[in-house]
Amino acid sequence: MQLNTYIDHTLLKATATKQDIIELCEQAKRYKFHAVCVNSGYVALAKEQLNNSSVKVCSVVGFPLGAMATQAKVAETQEAIKNGADEIDMVINVGLLKSKDFDGVWRDIEAVKCILPNHILKVILETCYLEELEIIKSCELAVQCGADFVKTSTGFGPGGARFEEITIMKRVVAQSGTKIKASGGIRDTETALKYINMGVARIGTSSGIEIVSGTISKSDY
């Protein structure tokens, strides 16, 4: 197993500087991670740094709350794609889900998916806020919209990935072709391997180097 190929090497904190992003990209090239994951304002810089490498650029959209207007998410997605993003990680509108406005959640995801004919879409559920039935419903909606992945967390909520929630997500998406990305609080090799052995296809973490080198990190996004 090549652990590095599962890693979305992530830097999303508000204080991240241009130099921090450049270093993130250099690390991703050195360790041959699958992608870097950055805020949309840094997509162009990341794309420039990763030119002529196999590392993908992933942009978050509607991050971290997911509560902005759908058209704002669409506009952010369009700008990220224009600047070179290969993959989009969008946050669902958790409030609409909890309001049982499932059509509203569906329309929100669908609007972004519709402008991504050739790009990977990962839908962030922010499972720390959700009950089991809400996790099931949000996964179903993401699958119906053609999402390539469902993703556990932003890393900015009160909790990150958990094995129990991955089990629920896996049960829903198993027959659909939609994959799972675990993110939030994954900082060591053992934890990453447990998720991968459960069937997770991607790991979002700021501790990718520690994970592939077998050391322990106390940092997160």
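A residue counts as buried under 20% relative accessible area, as exposed over 50%, and as partly exposed in between. These classes are applied below to a predicted model.

By this cut-off, Lys82 is exposed, because its relative accessibility is 61%. Its salt-bridge partner is Glu79, and the closest N and O atoms of the two residues are 3.3 Å apart. Glu79 falls in the partly exposed class, because its relative accessibility is 38%. The two residues are three positions apart in helix H3, so about one helical turn separates them.

Helix H3 spans residues 70-82 and also contains Lys73. With a relative accessible area of 0%, Lys73 is buried. Leaving aside residues up to four places away in sequence, the contacts of Lys73 include Val61, Gly62, Gly66 and Met68. Met90, Val91, Ile92 and Asn93 are also among the residues touched by Lys73, as are Asp108 and Val112.

The strands form a closed barrel of eight, in the order S1-S2-S3-S4-S5-S6-S7-S8, with parallel pairing. On average, and with direction ignored, neighbouring strands of this sheet are turned by 25° against each other. Helix H1, residues 18-31, packs on the sheet and touches strand S1 (7-11) and strand S2 (35-38). The direction of H1 makes about 165° with that of S1. Elsewhere in the barrel, strand S6 (residues 149-151) and strand S7 (residues 179-183) run parallel and are joined by three bridges. In one of the pairings between these strands, Phe149 has Lys179 in S7 as its bridge partner.

Side chains of opposite charge can pair when their charged atoms come close. The model holds 17 salt bridges. One of them is formed by the side chains of Arg202 and Asp8, with an N to O distance of 2.9 Å. This pair links distant parts of the chain, since Arg202 belongs to strand S8 (residues 202-205) and Asp8 to strand S1, 194 residues apart. Both partners are buried. For Arg202 the relative accessibility is 5%, which means that this residue lies under the 20% limit for the buried class.

A second charged pair consists of Glu134 and Lys98, whose closest N and O atoms are 2.9 Å apart. Glu134 is located in helix H6 (residues 132-144) and Lys98 in helix H4 (residues 94-98), so the salt bridge ties together parts that are 36 residues apart in sequence. Glu134 is buried at a relative accessible area of 12%, whereas Lys98 is partly exposed at 37%. Salt bridges with shared partners also connect Asp8, Glu87, Asp89, Lys122, Lys151, Lys181 and Arg202 into one network.

Within this network, the surroundings of Arg202 were examined further. The side chains of Arg202 and Glu87 are joined by a polar contact of 2.9 Å. With residues up to four places away in sequence not counted, Arg202 touches Tyr6, Asp8, His34, Glu87, Lys122, Phe149, Ile180, Lys181 and Ala182. Among these contacts, Phe149 is the residue paired with Lys179 in S7, and Asp8 is the salt-bridge partner of Arg202.

Technical notes: Residues numbered from 1 in each chain as written. Predicted model: local features only at pLDDT ≥ 70, side-chain atom pairs only at ≥ 80, totals over all residues. Heavy atoms only, no water. Pairing = 2+ DSSP bridges. Helix = DSSP H or I, 4+ residues; strand = E, 2+ residues; numbered from the N terminus. Axes fitted to C-alpha atoms, helices over the stretch in contact; angles between N-to-C directions. Contact = heavy atoms within 4.5 Å. Buried < 20%, exposed > 50% of the residue type's maximum accessible area, 1.4 Å probe, protein only. Salt bridge = Lys/Arg side-chain N within 4 Å of Asp/Glu carboxyl O. Polar contact = N/O pair within 3.5 Å; in protein donor to acceptor, adjacent residues only side chain to side chain.
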